[in-house]
Amino acid sequence: MKQAYDEIDIPDELSIAVLKGIERGKQQQVQPNARRRSRRWIGRVSASAAALLIVFTIGINTVPAFANSLQEVPGLGTLVKILQFNKGSAGGGTIQDATDVNFITVKEQGDKESIILNFAQNGEAQQVASSFHVSFSEYPHTMTFTVGGARKFSAVKDFAALKKSKRIEDAYELITLDDSMVRFNVTFKEAVTYEVHEYKEPAQVVITIASDPDRNIDRPPVYSVRTASFPFGESVGIAEEMLFGVDNMRVLKDKQGLYFVEAGIYDTEAEAKAQMNAIKTKLGYMDPLFVEKREDRSIPESIQAPAQ
C-alpha cells in the first residue's frame with residue numbers, strides 16, 4: 001500500500017478525461033436496440049468509476065492542489081486550515097493520545113515539493129491530526145516539527161528517503177524527555193518559502209516548500225550561543241530543560257552527527273557574549289557555553305566541552 005501511495009501519478013488532465021468518458025457513455029447509452037452493448041457499457045462505466053474512486057482517494061492523500069480542488073466532494077479528505085505563521089512559528093491539530101507518526105513522504109510537484117506527515121492510531125489511519133507545532137529558522141535553514149500525544153514514531157525509517165530530495169540536506173529525530181511527544185528537524189540546503197496545510201479524514205499535515213531566490217544570496221555570518229556537542233540522548237534533553245525560557249532556543253545536529261542546544265543567534269560577537277553571560281547569571285547555567293561564528297547555509301561545527 002505504501003509503495004502504491006508513493007508511486008501514484010495524478011495526471012493534470014484527469015478532470016477532462018472524466019468529462020470525455022461521461023460524454024462517450026451518454027452517446028452509447030442512447031443507441032436503440034443495444035441491450036447487450038448497454039450491459040457491456042454499464043460494466044465498463046462501473047469499472048471506470050471504481051478506478052477513478054481509487055485515484056481520487058489516493059490523490060487527495062498525496063497532492064495538496066488536488067485536495068484543494070476536491071475538498072467539497074463527499075468522502076474525500078477535507079482541508080482544515082492553512083496555517084498562519086507568526087515569526088516563523090504556527091500550530092494546529094487537536095489534543096489526542098497514542099498517536100503514531102507512521103510515515104512521511106515527499107512529493108515533487110514542478111518547482112515545489114510537499115512533505116506529507118501521516119498519523120495513525122491502533123494501526124489505522126487517524127481521522128484528525130494530533131496537536132502539532134511547526135517552526136522555521138535560519139543559519140541553517142531548518143524546520144522543527146513537534147507532535148503532542150505521540151507514543152510512536154514509525155516514520156523515522158522514512159528519513160533516508162527524505163534526504164534524497166534536492167532541497168533537503170538532513171532529517172533527524174530530536175530527543176525529548178516527554179514520552180508523549182515526537183520531534184524532528186528537517187534541514188534544507190537553501191532558503192525556502194513554505195506553506196503548511198492541515199487535513200482531516202484522513203489526518204495529514206502537508207508542508208509545501210519552494211526555493212526562495214530573494215534569500216538565497218550570500219549573507220553575513222552570525223554568532224550562535226550554544227552548548228557543547230553531545231551524543232543523541234538524555235544529556236541533550238537535560239541541557240534543553242536547563243535553558244528553558246531562552247528566546248529562539250533550538251536543538252541542532254552538528255557536522256559530526258552530535259547534538260547541541262542553541263540559545264539564540266546574534267549579528268555580532270559582542271551581542272552573543274553578552275547573551276551568554278546573561279544566561280549564566282539569570283538561569284544559573286553552570287555547564288560551559290560557547291559562541292560559534294556560523295556562515296549562512298552551513299552546518300554547525302562540533303564543539304567538545306573541555307575535560308574536567
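**Close-up views of a predicted model**

**Figure 1. The β14–β15 hairpin.** In this predicted model, strands β14 and β15 form a hairpin in which five residues lie between them, and Gly-257 in the turn has a positive phi of about 80°. Residues 249–253 make up β14, and residues 259–266 make up β15. Pairing between β14 and β15 is antiparallel and runs over five bridges. Two facing pairs can be picked out in this view: Met-249 stands opposite Ala-263 of β15, and Val-251 has Val-261 of β15 as its bridge partner. Strand β15 is mostly covered, with six of its eight residues buried.

**Figure 2. The four-stranded sheet around β15.** The hairpin strands belong to an open sheet of four strands, ordered β14-β15-β13-β16 and paired in the antiparallel sense. Its edge strands, each pairing on one side only, are β14 and β16 (290–294). On average, neighbouring strands of this sheet are turned by 45° against each other, direction ignored. Strand β13 (residues 222–226) pairs with β15 over three bridges, in the antiparallel sense. At this junction Tyr-223 stands opposite Tyr-266 in β15.

**Figure 3. The five-stranded sheet.** A further open sheet has five strands in the order β2-β6-β7-β10-β9, with antiparallel pairing. Its edges are β2 (89–92) and β9 (168–173), each of which pairs on one side only. From one strand to the next, the twist averages 15°. Within this sheet, β6 and β7 run antiparallel and are joined by six bridges. One facing pair is Phe-136 with its bridge partner Met-143 in β7. The loop between β6 and β7 contains Pro-140, and a cis peptide bond with omega of about 0° joins Tyr-139 to Pro-140.

**Figure 4. The largest pocket and its lining.** The volume of the largest pocket is about 1,100 Å³. It is lined by 32 residues, of which His-133, Ser-135, Asn-248, Met-249 and Arg-250 are the closest to the centre. At least two lining residues come from each of β6 (132–137), β7 (142–148), β10 (181–188), α6 (234–242), β14 and β15. Strand β6 gives the largest share, four residues. Sorted by class, the lining comprises ten nonpolar, 13 polar and nine charged residues. The view can be related to the sheets shown above: the order of the five-stranded sheet includes β6, β7 and β10, and the order of the four-stranded sheet includes β14 and β15. Met-249, one of the residues closest to the pocket centre, is also the residue that stands opposite Ala-263.

**Figure 5. Side-chain contacts of Ser-114.** Ser-114 is placed in strand β4 (residues 112–121). Its relative accessibility is 0%, so Ser-114 counts as buried. The Ser-114 side chain takes part in polar contacts with two other side chains shown here: that of Gln-109 at 2.8 Å and that of Thr-208 at 3.0 Å. Thr-208 also serves as a reference point for Lys-107, which lies in strand β3 (residues 99–109). The C-alpha atoms of Lys-107 and Thr-208 are 9.1 Å apart in space, while the two residues are 101 residues apart in sequence. Lys-107 counts as buried because its relative accessibility is 12%, below the 20% limit for that class.

**Figure 6. The loop between β11 and β12.** Strands β11 (192–200) and β12 (204–211) are linked by a loop that holds Pro-202. Glu-201 is placed in this loop as well. The peptide bond joining Glu-201 and Pro-202 is cis, with omega of about 5°. Glu-201 is not a glycine, yet its phi is positive, at about 50°. With a relative accessible area of 41%, Glu-201 is partly exposed.

**Figure 7. Lys-87 in the loop before β2.** The loop between β1 (78–82) and β2 contains Lys-87. Although Lys-87 is not a glycine, it has a positive phi of about 55°. Its relative accessibility of 82% means that Lys-87 counts as exposed.

Technical notes
Residues are numbered from 1 along each chain as its sequence is written. This is a predicted model: local features need pLDDT of at least 70, side-chain atom pairs count only at pLDDT 80 or more; totals for chains, interfaces and linings use all residues. Side-chain values use heavy atoms; hydrogens and water are left out. On a 1 Å grid over the protein atoms alone, a cavity is a set of points where a 1.4 Å probe fits but cannot get out, and a pocket is an open set with protein on both sides within 12 Å along at least five of seven lines; lining residues have an atom within 4 Å of a point. Grid points are joined across faces, edges and corners, and a volume is the space filled by probe spheres set on the points. Ala, Val, Leu, Ile, Met, Phe, Trp, Tyr, Cys and Pro count as nonpolar, Asp, Glu, Lys and Arg as charged, and the others, Gly among them, as polar. Buried means under 20% relative accessible area, exposed over 50%, partly exposed in between (1.4 Å probe, protein chains only). Two strands pair if DSSP finds at least two bridges between them. A polar contact is a pair of N or O atoms within 3.5 Å; within protein, one must be able to donate a hydrogen and the other to accept it, and residues adjacent in sequence count only if both atoms are side-chain atoms. Axes are lines fitted to C-alpha atoms, for helices over the stretch in contact, and angles run from 0 to 180 degrees between N-to-C directions.
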